[in-house]
Amino acid sequence: YTSAKKRTELKKFQRKVSELGNFKIVNVEDKASYDANLNYLNQIYKVHSERFADVYATSFFGSDKMRPYYSELIKSLMYGEKAHISLLILDEVVIAFIFCLTNGKVLIDWIPAFDPAFSKYSLGIVQYKMLFEEICNQGKYQLFDYSKGSSVYKRKWAKEETYNYQF
């Protein structure tokens, strides 16, 4: 999103969502922020399930059966400061999230999802914009790794590509 036109479009989407109610971004990345935002974190499973309800996906993240496993995993990662979850909140309801793993100065995109009821607002792109602004201001991370996949949105944000090979 290097063109002025695209940046203006992103700001427009962000403004439109913020006009719907009390809109904010919440970042969870350690024990204190995990404990303070557990009510929001419990909502991400529903968002994931709704987003991928009509999509064939092998992820068990949104399944009720696997929820205890993922809940404990998130807690463990947060307490060890090995994860970062960016939450978009509208009127105290999570409408999108990006679950990242961390490795030193690298933030690794793992599980993103948004509420499909808000798809006309390009929530995913708005959230990446807000997350990138946050991490640039914070200075904690130097690299954002989109992880696997070749989705178009990744190419729009990245200035270079790297490839991992499996032997």
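**Exercise 1. Is Tyr34 buried or exposed?**

Start with the model. This is a predicted model, where local features need pLDDT of at least 70, side-chain atom pairs count only at pLDDT 80 or more, and totals for chains, interfaces and linings use all residues. Residues are numbered from 1 along each chain as its sequence is written, and side-chain values use heavy atoms, with hydrogens and water left out.

Step 1. Take the cut-offs: buried is under 20% relative accessible area, exposed is over 50%, and partly exposed is in between (1.4 Å probe, protein chains only).
Step 2. Tyr34 has 8% relative accessibility, so Tyr34 counts as buried.
Step 3. Try Tyr79: at 36%, Tyr79 counts as partly exposed.

**Exercise 2. Classify the ring pair of Tyr34 and Tyr79, then locate both residues.**

Step 1. Rings of Phe, Tyr and Trp (its six-membered ring) pair if their centres lie within 6.5 Å; planes under 30 degrees apart are stacked, over 60 edge-to-face, and the rest tilted.
Step 2. The structure holds 14 aromatic pairs.
Step 3. In this pair, the ring centres of Tyr34 and Tyr79 are 5.6 Å apart and the planes stand at 80 degrees, so the pair is edge-to-face.
Step 4. Helices (H or I, at least four residues) and strands (E, at least two) are DSSP runs, numbered from the N terminus.
Step 5. Tyr34 belongs to helix 2 (residues 31-36) and Tyr79 to helix 5 (residues 67-79), so the pair ties together parts 45 residues apart in sequence.

**Exercise 3. Do the same for Phe132 and Tyr146.**

Step 1. Phe132 and Tyr146 are edge-to-face: 6.5 Å centre to centre, with 85 degrees between the planes.
Step 2. Phe132 lies in helix 6 (residues 123-138), and Tyr146 in the loop between strand 5 (143-145) and helix 7 (152-157), so the pair ties together parts 14 residues apart in sequence.
Step 3. Check burial. Phe132 is buried at 15%. Tyr146 is buried at 11%.

**Exercise 4. Which residues that are not glycine have a positive phi of about 50 degrees?**

Step 1. Asp91 has such a phi although it is not a glycine. Asp91 sits in the loop between strand 2 (83-90) and strand 3 (93-103). At 43%, Asp91 is partly exposed.
Step 2. Ser122 also has a positive phi of about 50 degrees. Ser122 lies in the loop between strand 4 (106-114) and helix 6. At 24%, Ser122 is partly exposed.

**Exercise 5. How many disulfides does the structure hold?**

Step 1. A disulfide is a pair of cysteine sulfur atoms within 2.5 Å.
Step 2. The structure holds 0 disulfides.
Step 3. Look at two cysteines. Cys100 is buried at 0%, whereas Cys136 is exposed at 64%.
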